[in-house]
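Colleague: I would like to go through this model with you. Could you take me through the main parts step by step?

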Amino acid sequence: MNFMNPDFAYMLGNFMADGSFYFSGGSLRFEFVDGTPYKHELSYSFKHIKNIKNILERNLKKELPQIRKKGNMFVLKFRNRILAKIFTNDLYIAPGPKHLTVNIPKVFKNSPYEVYFWKGFLDGDGSIARTSKRVAVESMSEAIISSFAEFLNKNKIYFSKYTTKRGDFFSHIVIIRSISLRDFAQK
């Protein structure tokens with residue numbers, strides 16, 4: 001399978017935000033989750049997970065299990081040896097906890113597909129303020145926030161970057177303010 005395409009890059013970005021890759025029952029399992037506490041936004045969450053499912057099915061040429069609803073979340077869980085092999089052998093993504101080590105795989109950094117990776121990541125860990133014109137991205141992984149800041153610098157998008165303490169960990173944040181919102185949206 002050729003994974004160097006816009007859809008796969010988008011899916012991978014979203015995986016880095018809201019996906020899991022772990023051992024279960026003697027084999028590797030993938031999980032994608034999207035949800036919201038706002039009932040009127042649940043249809044967006046379902047459409048988002050459905051889009052991820054469609055991307056995976058097109059790339060893997062295989063039907064995946066149905067999306068399940070758990071409270072205000074939609075979950076897609078599946079096993080796939082081909083995807084597991086790509087994750088471990090080609091993208092160097094190890095199964096297990098990733099929240100502190102998330103980053104863009106080197107193969108996508110500075111490639112024509114990097115922008116699609118960031119779109120997927122933002123659809124997972126990004127937010128648009130309800131009362132102002134700004135985009136924020138937050139992660140426990142300093143590496144991915146630094147990589148995103150590099151992407152913004154390379155594209156001359158103005159932003160603020162800071163770190164806050166969250167219990168025993170730190171949260172890393174990039175905010176794109178209204179002055180750069182149009183340039184960011186065009187990119």
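Modeller: What follows is a short conversation about the helices, sheets and some single residues of this predicted model.

Colleague: Let us start with the first sheet. What is the order of its four strands?

Modeller: The order is E1-E2-E4-E3, in an open sheet with antiparallel pairing. Strand E1 (19–24) and strand E3 (68–70) are the edge strands, each pairing on one side only. From one strand to the next, the twist averages 30°.

Colleague: How many bridges are there between E3 and E4?

Modeller: E3 and strand E4 (residues 73–78) pair over three bridges in the antiparallel sense. Arg 68 stands opposite Val 75 in E4.

Colleague: And which strands does helix H2 touch?

Modeller: Helix H2 (residues 42–60) packs on this sheet and touches strand E2 (27–35), E3 and E4. The direction of H2 makes about 150° with that of E2. H3 also packs on the sheet, where it touches E1, E2 and E4. The direction of H3 makes about 90° with that of E2.

Colleague: Let us stay with H3. Which of its residues are buried?

Modeller: Leu 83, Ala 84, Ile 86 and Phe 87 are buried in H3. Viewed down the axis of H3, these buried residues fall within an arc of 160°, so they line one face of the helix. In general, an α-helix has 3.6 residues a turn, so residues three or four places apart point the same way.

Colleague: What do the buried residues pack against, and which exposed residues are on the face turned away?

Modeller: The buried residues of H3 pack against H1, E1, E2, H2 and E4. The face turned away from the buried side carries Arg 81 and Lys 85, which are exposed.

Colleague: You mentioned H1. At what angle do the axes of H1 and H3 cross?

Modeller: The axes of helix H1 (residues 6–18) and helix H3 (residues 81–90) cross at roughly 75° and come within 14 Å. The two helices are therefore roughly perpendicular to each other. On the H1 side the contact is made by Phe 8, Leu 12 and Phe 15, and on the H3 side by Leu 83, Ile 86 and Phe 87. Of the residues in this contact, six are nonpolar, with no polar and no charged ones.

Colleague: A change of topic: is Lys 53 buried or exposed?

Modeller: Lys 53, which lies in helix H2, counts as buried because its relative accessibility is 5%. Apart from neighbours within four places in sequence, Lys 53 is in contact with Leu 64, Pro 65, Gln 66, Ile 67 and Leu 76.

Colleague: What about Lys 61: where is it placed?

Modeller: Lys 61 is in the loop between H2 and E3. At 73% relative accessibility, Lys 61 counts as exposed. Lys 61 has a positive phi of about 55°, although it is not a glycine. Most residues other than glycine have a negative phi.

Colleague: Which phi does Asn 110 have?

Modeller: Asn 110 has a positive phi of about 60° and is not a glycine either. Asn 110 is found in the loop between H3 and helix H4 (114–125), and it counts as exposed at 58% relative accessibility.

Colleague: Now the other sheet, please. What is the order of its strands?

Modeller: This open sheet of four strands has the order E5-E6-E8-E7, with antiparallel pairing. Its edge strands are strand E5 (126–128) and E7, each pairing on one side only. Here the twist averages 25° from one strand to the next.

Colleague: How many residues of E8 are buried?

Modeller: Six of the eight residues of strand E8 (residues 169–176) are buried, so the strand is largely enclosed by the rest of the structure. E8 pairs with strand E6 (residues 135–139) in the antiparallel sense over five bridges, and Val 135 has Ile 176 in E8 as its bridge partner. Strand E7 (residues 160–166) is joined to E8 by seven bridges and runs antiparallel to it.

Colleague: How many residues lie between the strands in the hairpin of E7 and E8?

Modeller: There are two residues between the strands, and in this hairpin Gly 167 takes a positive phi near 65°.

Colleague: Finally, which strands does helix H5 lie across?

Modeller: Helix H5 (residues 142–154) lies across E6, E7 and E8, running at about 15° to E8. H4 lies across E5 and E6, running at about 85° to E6.

Conventions. Residues numbered from 1 in each chain as written. Predicted model: local features only at pLDDT ≥ 70, side-chain atom pairs only at ≥ 80, totals over all residues. Heavy atoms only, no water. Axes fitted to C-alpha atoms, helices over the stretch in contact; angles between N-to-C directions. Parallel < 35°, antiparallel > 145°, perpendicular 65-115°, else oblique. Contact = heavy atoms within 4.5 Å. Nonpolar A, V, L, I, M, F, W, Y, C, P; charged D, E, K, R; others polar. Pairing = 2+ DSSP bridges. Buried < 20%, exposed > 50% of the residue type's maximum accessible area, 1.4 Å probe, protein only. Arc of directions from axis to C-beta.
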